[in-house]
Amino acid sequence: MVAVKTHRRTVMRLAGPGIRAARDVYTTIPADAVRVAALVEISAAAAALARTVVKLRHLDPDLIAPHVSDRVDLRAVLGRGRWLPTMTRHVPAPLSGPVDLAALAPVRPVRRRVIRRRPGSPGQASLFAAATVGEG
(Lines give C-alpha, C1' and ligand atoms only; values in the text may rest on other atoms or scores of the structure.)
Protein backbone atom coordinates (compact mmCIF):
# COMPACT_ATOMS: atom_id res chain seq x y z
CA MET A 1 0.00 0.00 0.00
CA VAL A 2 3.02 2.29 0.36
CA ALA A 3 3.47 2.46 -3.42
CA VAL A 4 -0.14 3.59 -3.93
CA LYS A 5 0.26 6.37 -1.35
CA THR A 6 3.51 7.43 -3.01
CA HIS A 7 1.79 7.51 -6.40
CA ARG A 8 -1.17 9.44 -5.02
CA ARG A 9 1.16 12.00 -3.41
CA THR A 10 3.08 12.33 -6.70
CA VAL A 11 -0.15 12.72 -8.66
CA MET A 12 -1.31 15.44 -6.26
CA ARG A 13 1.98 17.30 -6.71
CA LEU A 14 1.67 17.03 -10.49
CA ALA A 15 -1.89 18.35 -10.28
CA GLY A 16 -0.80 21.18 -7.97
CA PRO A 17 -0.36 23.94 -10.59
CA GLY A 18 -3.77 23.22 -12.11
CA ILE A 19 -5.44 23.13 -8.71
CA ARG A 20 -3.70 26.39 -7.76
CA ALA A 21 -4.98 28.00 -10.98
CA ALA A 22 -8.53 26.82 -10.27
CA ARG A 23 -8.34 28.04 -6.65
CA ASP A 24 -7.00 31.37 -7.89
CA VAL A 25 -10.01 31.76 -10.20
CA TYR A 26 -12.29 30.71 -7.34
CA THR A 27 -10.88 33.28 -4.93
CA THR A 28 -10.18 36.27 -7.20
CA ILE A 29 -13.07 36.50 -9.67
CA PRO A 30 -15.79 38.61 -8.03
CA ALA A 31 -18.71 37.78 -10.36
CA ASP A 32 -20.17 34.37 -9.52
CA ALA A 33 -21.38 33.62 -13.06
CA VAL A 34 -17.97 34.38 -14.58
CA ARG A 35 -16.21 32.47 -11.81
CA VAL A 36 -18.32 29.37 -12.41
CA ALA A 37 -17.96 29.68 -16.18
CA ALA A 38 -14.16 29.85 -15.88
CA LEU A 39 -14.06 26.85 -13.56
CA VAL A 40 -16.31 24.90 -15.94
CA GLU A 41 -13.96 25.70 -18.84
CA ILE A 42 -10.93 24.57 -16.82
CA SER A 43 -12.58 21.32 -15.72
CA ALA A 44 -14.01 20.60 -19.17
CA ALA A 45 -10.60 21.00 -20.80
CA ALA A 46 -8.92 18.80 -18.21
CA ALA A 47 -11.64 16.13 -18.49
CA ALA A 48 -11.42 16.13 -22.29
CA LEU A 49 -7.66 15.64 -22.13
CA ALA A 50 -8.04 12.81 -19.60
CA ARG A 51 -10.65 11.06 -21.77
CA THR A 52 -8.37 11.43 -24.79
CA VAL A 53 -5.44 9.76 -23.04
CA VAL A 54 -7.65 6.93 -21.74
CA LYS A 55 -9.09 6.33 -25.20
CA LEU A 56 -5.82 6.53 -27.13
CA ARG A 57 -3.83 4.42 -24.67
CA HIS A 58 -6.65 1.97 -23.90
CA LEU A 59 -6.25 2.52 -20.16
CA ASP A 60 -8.37 0.62 -17.69
CA PRO A 61 -10.03 3.04 -15.23
CA ASP A 62 -9.55 0.49 -12.45
CA LEU A 63 -5.78 0.97 -12.81
CA ILE A 64 -6.16 4.73 -12.44
CA ALA A 65 -8.57 4.62 -9.49
CA PRO A 66 -5.98 4.00 -6.73
CA HIS A 67 -4.19 7.21 -7.75
CA VAL A 68 -7.15 9.57 -7.42
CA SER A 69 -8.69 10.82 -4.20
CA ASP A 70 -12.31 10.08 -5.19
CA ARG A 71 -13.38 7.30 -7.59
CA VAL A 72 -16.71 9.05 -8.22
CA ASP A 73 -14.81 11.91 -9.86
CA LEU A 74 -12.86 9.46 -12.01
CA ARG A 75 -16.03 7.86 -13.36
CA ALA A 76 -17.65 11.24 -13.98
CA VAL A 77 -14.59 12.61 -15.80
CA LEU A 78 -14.32 9.52 -18.00
CA GLY A 79 -18.02 9.66 -18.86
CA ARG A 80 -18.99 6.50 -17.00
CA GLY A 81 -20.78 8.24 -14.14
CA ARG A 82 -22.19 11.62 -13.30
CA TRP A 83 -21.74 14.44 -10.90
CA LEU A 84 -24.70 15.49 -8.85
CA PRO A 85 -25.42 18.99 -7.51
CA THR A 86 -24.97 17.62 -3.99
CA MET A 87 -21.37 16.57 -4.69
CA THR A 88 -19.56 19.54 -3.20
CA ARG A 89 -16.43 19.30 -1.10
CA HIS A 90 -13.46 21.29 0.08
CA VAL A 91 -10.47 21.31 -2.28
CA PRO A 92 -7.33 21.61 -0.15
CA ALA A 93 -4.37 23.71 -1.17
CA PRO A 94 -2.07 21.66 -3.41
CA LEU A 95 1.18 20.17 -2.23
CA SER A 96 4.37 21.73 -3.46
CA GLY A 97 7.87 20.45 -3.80
CA PRO A 98 9.81 18.17 -6.10
CA VAL A 99 7.97 15.46 -8.02
CA ASP A 100 9.45 11.96 -8.26
CA LEU A 101 8.40 10.98 -11.78
CA ALA A 102 10.49 7.79 -11.63
CA ALA A 103 8.05 6.43 -9.06
CA LEU A 104 5.29 6.57 -11.66
CA ALA A 105 7.16 4.50 -14.26
CA PRO A 106 5.49 1.17 -15.01
CA VAL A 107 7.07 -1.90 -13.47
CA ARG A 108 6.95 -3.80 -16.73
CA PRO A 109 7.38 -2.29 -20.17
CA VAL A 110 4.20 -1.41 -22.01
CA ARG A 111 3.57 -3.66 -24.99
CA ARG A 112 2.23 -1.87 -27.98
CA ARG A 113 0.12 -3.60 -30.55
CA VAL A 114 1.94 -4.04 -33.82
CA ILE A 115 -0.10 -4.09 -36.99
CA ARG A 116 1.70 -5.57 -39.94
CA ARG A 117 0.21 -4.65 -43.26
CA ARG A 118 0.68 -6.96 -46.16
CA PRO A 119 0.71 -5.77 -49.75
CA GLY A 120 -2.52 -6.37 -51.67
CA SER A 121 -3.28 -9.79 -53.08
CA PRO A 122 -1.41 -10.72 -56.32
CA GLY A 123 -4.59 -10.56 -58.41
CA GLN A 124 -5.23 -6.90 -57.56
CA ALA A 125 -1.82 -5.66 -58.64
CA SER A 126 -2.27 -7.06 -62.13
CA LEU A 127 -5.74 -5.46 -62.45
CA PHE A 128 -4.41 -2.00 -61.62
CA ALA A 129 -1.40 -2.40 -63.91
CA ALA A 130 -3.70 -3.36 -66.83
CA ALA A 131 -5.94 -0.35 -66.25
CA THR A 132 -3.05 2.13 -66.41
CA VAL A 133 -1.54 0.54 -69.55
CA GLY A 134 -4.86 0.78 -71.41
CA GLU A 135 -5.24 4.52 -70.64
CA GLY A 136 -1.85 5.59 -72.00
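The accessible surface of the protein adds up to about 11400 Å², and carbon and sulfur atoms account for 62% of that area. Please keep in mind as you look around that this is a predicted model. Of its 136 residues, 12% count as buried.

**Overall layout**

The secondary structure consists of 5 helices and 0 strands, so a walk along the sequence reads α-α-α-α-α. Turning to contacts between residues at least 6 apart in sequence, 59% of them join residues at least 24 apart.

**Helix α2**

Let's start with α2, which covers residues 32–57. How far apart are the end C-alpha atoms of α2? They are separated by 37 Å, which agrees with the 38 Å that its 26 residues should span at 1.5 Å a residue. Just after α2 comes His58, whose phi is positive, near 55°.

The buried residues of α2 are Arg35, Ala47 and Val54. Arg35 deserves a visit of its own: its relative accessibility is 18%, and because the cut-off for buried is under 20%, Arg35 falls on the buried side. Setting aside neighbours within four places in sequence, Arg35 is in contact with Val25, Tyr26, Ile29 and Pro30.

**The largest nonpolar core**

Nonpolar side chains tend to be buried together in soluble globular proteins. Here, the largest nonpolar core has 6 residues: Ala47, Val54, Ala65, Leu74, Val77 and Leu78. Which elements give two or more residues to this core? They are α2 and α4, the latter covering residues 71–77.

Leu74 is a good member of the core to follow further. Beyond residues up to four places away in sequence, Leu74 touches Pro61, Ile64, Ala65 and Val68; of these partners, Ala65 is itself listed in the core.

**Val68, between α3 and α4**

Val68 sits in the loop that runs between α3 (61–64) and α4. Is Val68 buried or partly exposed? With a relative accessibility of 24%, Val68 counts as partly exposed, because the buried class requires a value under 20%. Once residues up to four places away in sequence are left out, Val68 touches Arg8 and Leu74. The C-alpha atom of Val68 is also 7.8 Å from that of Val11, although the two residues are 57 apart along the chain.

The two residues with a stated accessibility can be set side by side:

| Residue | Location | Relative accessibility | Class |
|---|---|---|---|
| Arg35 | helix α2 | 18% | buried |
| Val68 | loop between α3 and α4 | 24% | partly exposed |

Terms used
Residues numbered from 1 in each chain as written. Predicted model: local features only at pLDDT ≥ 70, side-chain atom pairs only at ≥ 80, totals over all residues. Heavy atoms only, no water. Core = buried A, V, L, I, M, F, W, Y, C linked by side-chain atoms within 4.5 Å. Buried < 20%, exposed > 50% of the residue type's maximum accessible area, 1.4 Å probe, protein only. Helix = DSSP H or I, 4+ residues; strand = E, 2+ residues; numbered from the N terminus. Contact = heavy atoms within 4.5 Å. Areas by Shrake-Rupley, 256 points an atom, 1.4 Å probe, with all protein chains shown as cover. Expected span 1.5 Å × (residues − 1).
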